[in-house]
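Biologist: Mind walking me through this structure? I'd like to know what sits where, and what holds on to what.

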Amino acid sequence: MEIGSDNRHPLTRIRSEIPHGGEGPEAKICTAVLLVMSVTFCVLIFPLSLFLIVKVIKQYECAILFKLGRIRSNKIQEPGVLLIIPCVEEVIRVDLRTKVIAVPPQEVISKDSVPVHVDAIIYYHVCDPITSVTGVANLQLATGRLAQTLLRNVLGIYTLTEILDQRDRIQQNLQKHLDEATIVWGVKVERVEFKDVRLPQTMQRAMAAEAEAAREARAK
């Protein structure tokens, strides 16, 4: 590895290279004017302004506070009561509970060229709230679409027999790949479960006939 090389994720590196605005005297004057106007407005409509100032963060949530479009001090607001300045500050709530994504049936061609339909369930939660807000626009949609792609790619390297007999190992392998891909979005994949593995009707009939023939052979 070269000395002095940058090992950060490309998205993090790009963000660090973007110049931060809002440091010039004009920006400071604009901020001060907006602050005075907002406080004056809140005083004039008090106590109705309490509905704009007081925000309640639930136990299963955390909040990210933006001030004039920028995250204030890169700190996560804990559950409880939060006071903000209307028109100047904005609160984005992040749900920290485990969420479920149902992956619709995907047609997969196994390693031995057998078409199978597999649907799965993905369990995940947000592990980095700031990255989950600033890194991807629609977290659940992005995770679900990525899961569909990885499901087809990962199952494609296994034969039909392996898919049917080594389900637990394949699920763990899929979870590993999905977790590595979504960690840059602030997501931790907890578990991947195959809901159903459906074979073509012709193969089901052939397998049923083979099983029936085996039972008759044992009966004799």
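Modeller: Sure, and first a term we'll need: "buried" means under 20% relative accessible area, "exposed" means over 50%, and "partly exposed" is what falls in between. Keep in mind that this is a predicted model.

Biologist: Is glutamate 61 buried or exposed?

Modeller: The cut-off for buried is under 20% relative accessible area. Glutamate 61 comes out at 11%, so it counts as buried.

Biologist: Which residue does glutamate 61 meet in a salt bridge?

Modeller: The partner sits in a distant part of the chain, 32 residues apart, with glutamate 61 in strand β2 and the other residue in strand β5. That partner is partly exposed at 39% relative accessibility. The bridge is 3.6 Å, N to O, and the partner is arginine 93.

Biologist: How many salt bridges are there in the whole structure?

Modeller: Two others worth a look are arginine 97 with aspartate 95 and lysine 188 with aspartate 179. In the second of these, lysine 188 is partly exposed at 34%, while aspartate 179 is buried at 15%. A search of the whole structure gives a total of five.

Biologist: With which side chain does the side chain of threonine 98 make a polar contact?

Modeller: Threonine 98 lies in the loop between β5 and β6, and at 44% relative accessibility it is partly exposed. Beyond its neighbours within four places in sequence, it is in contact with Tyr123, Tyr124, His125 and Glu190. The polar contact is at 2.8 Å, and it goes to glutamate 190.

Biologist: What covers the buried residues of α5?

Modeller: Helix α5 has 17 residues and reaches 24 Å from its first C-alpha to its last. Its buried residues include Leu139, Ala142, Leu150, Leu151 and Leu155. Their cover includes β6, β7, α4, α6, α7 and β8.

Biologist: Where is threonine 131, and which residues does it touch?

Modeller: Its place is in helix α4, residues 129-134. Threonine 131 is buried, since its relative accessible area is 17%. Leaving out residues up to four places away in sequence, it touches Val136, Val184, Trp185 and Gly186.

Biologist: Which elements give two or more residues to the nonpolar patch?

Modeller: The patch covers about 570 Å² of surface and is made by Phe46, Leu50, Val54, Val56, Val81 and Leu83. One of these, leucine 83, is exposed at 54%. The elements you're after are β1 and β4.

Definitions and conventions. Residues numbered from 1 in each chain as written. Predicted model: local features only at pLDDT ≥ 70, side-chain atom pairs only at ≥ 80, totals over all residues. Heavy atoms only, no water. Patch = residues over 30% accessible without salt bridge, like charges linked within 9 Å, V, L, I, M, F, W, Y side chains within 5 Å. Areas by Shrake-Rupley, 256 points an atom, 1.4 Å probe, with all protein chains shown as cover. Salt bridge = Lys/Arg side-chain N within 4 Å of Asp/Glu carboxyl O. Helix = DSSP H or I, 4+ residues; strand = E, 2+ residues; numbered from the N terminus. Buried < 20%, exposed > 50% of the residue type's maximum accessible area, 1.4 Å probe, protein only. Contact = heavy atoms within 4.5 Å. Expected span 1.5 Å × (residues − 1). Polar contact = N/O pair within 3.5 Å; in protein donor to acceptor, adjacent residues only side chain to side chain.
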